[in-house]
Amino acid sequence: MTTIVSNTDRVLEALKSGELLTAKQISARFGVANPHAAISAIRLKGYAVYLNEYKTAKGEVTKKYRLGTPSREIVAAGMRALMDAGVRI
């Protein structure tokens with residue numbers, strides 16, 4: 001049986017392996033036309049994806065996505081949103 005892996009799934013796997021990726025890298029490496037939409041889709045699957053600023057060796061600022069652990073505040077906000085939507089927890 002052949003398994004089809006989407007470009008978004010490939011981005012997720014790279015993030016899971018600890019890679020830091022810029023939007024340009026996501027587009028070029030994984031063929032994703034809209035990297036921000038791919039990151040949103042990953043977040044909707046429940047993954048905590050953060051966008052952090054880094055300085056290059058030349059002193060330029062770049063932004064890279066990374067997979068992390070959600071803070072207590074994020075978990076609490078999600079729980080409040082579920083309860084506000086009527087989901088019993």
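In which helix does Ala23 lie? Ala23 belongs to helix H2, which spans residues 23-30. The model described here is predicted.

**Ala23 and its surroundings**

Ala23 has a relative accessibility of 21% and is therefore classed as partly exposed, the limit for a buried residue being under 20%. Leaving aside residues up to four places away in sequence, Ala23 is in contact with Pro35, His36 and Tyr65. Ala85 is 62 residues away from Ala23 along the chain, and 33 Å separates the C-alpha atoms of the two.

**Helices H1 and H3**

Helix H1 covers residues 7-16, and its buried residues are Thr8, Val11, Leu12, Ala14 and Leu15. Viewed down the axis of H1, these buried residues fall within an arc of 160°, so they line one face of the helix. An α-helix has 3.6 residues a turn, so residues three or four places apart point the same way. The buried residues of H1 pack against H2, H3, E1 and E2.

Thr8, a residue of helix H1, has a relative accessible area of 18% and so counts as buried, since the limit is under 20%. With residues up to four places away in sequence not counted, Thr8 touches Ala38, Ala41 and Ile42.

In H3, the buried residues are Pro35, Ala38, Ile39 and Ile42. They cover an arc of only 100° around the axis, and therefore sit on the same side of H3. The elements that cover the buried residues of H3 include H1, H2, E1 and E2. Of the residues named here, Ala38 and Ile42 are also among the contacts of Thr8, and Pro35 is one of the contacts of Ala23.

**The strand pair**

Strand E1 (residues 48-55) and strand E2 (residues 61-68) run antiparallel and are joined by eight bridges. Ala48 has Gly68 in E2 as its bridge partner, and Asn52 stands opposite Lys64, also in E2. Five residues lie between the strands in this hairpin, where Gly59 takes a positive phi.

Positive phi values are listed below for three glycines.

| Residue | Place | Phi |
|---|---|---|
| Gly18 | just after H1 | positive, about 100° |
| Gly46 | just after H3 | positive, about 100° |
| Gly59 | hairpin of E1 and E2 | positive, near 85° |

**The largest pocket**

The volume of the largest pocket is about 190 Å³. Its lining is formed by Arg43, Leu44, Gly46, Tyr47, Ala48, Tyr50, Pro70 and Ile74. Helix H3 (35-44) and strand E1 each contribute at least two residues to this lining. By class, six of the lining residues are nonpolar, one is polar and one is charged. Two of the lining residues, Gly46 and Ala48, have appeared above: Gly46 follows just after H3 with its positive phi, and Ala48 is the bridge partner of Gly68.

Technical notes: Residues numbered from 1 in each chain as written. Predicted model: local features only at pLDDT ≥ 70, side-chain atom pairs only at ≥ 80, totals over all residues. Heavy atoms only, no water. Pairing = 2+ DSSP bridges. Helix = DSSP H or I, 4+ residues; strand = E, 2+ residues; numbered from the N terminus. 1 Å grid on protein atoms, 1.4 Å probe; cavity = no way out; pocket = protein on both sides within 12 Å on 5 of 7 lines; lining within 4 Å. Points joined across faces, edges and corners; volume = space filled by probe spheres on them. Nonpolar A, V, L, I, M, F, W, Y, C, P; charged D, E, K, R; others polar. Buried < 20%, exposed > 50% of the residue type's maximum accessible area, 1.4 Å probe, protein only. Contact = heavy atoms within 4.5 Å. Arc of directions from axis to C-beta.
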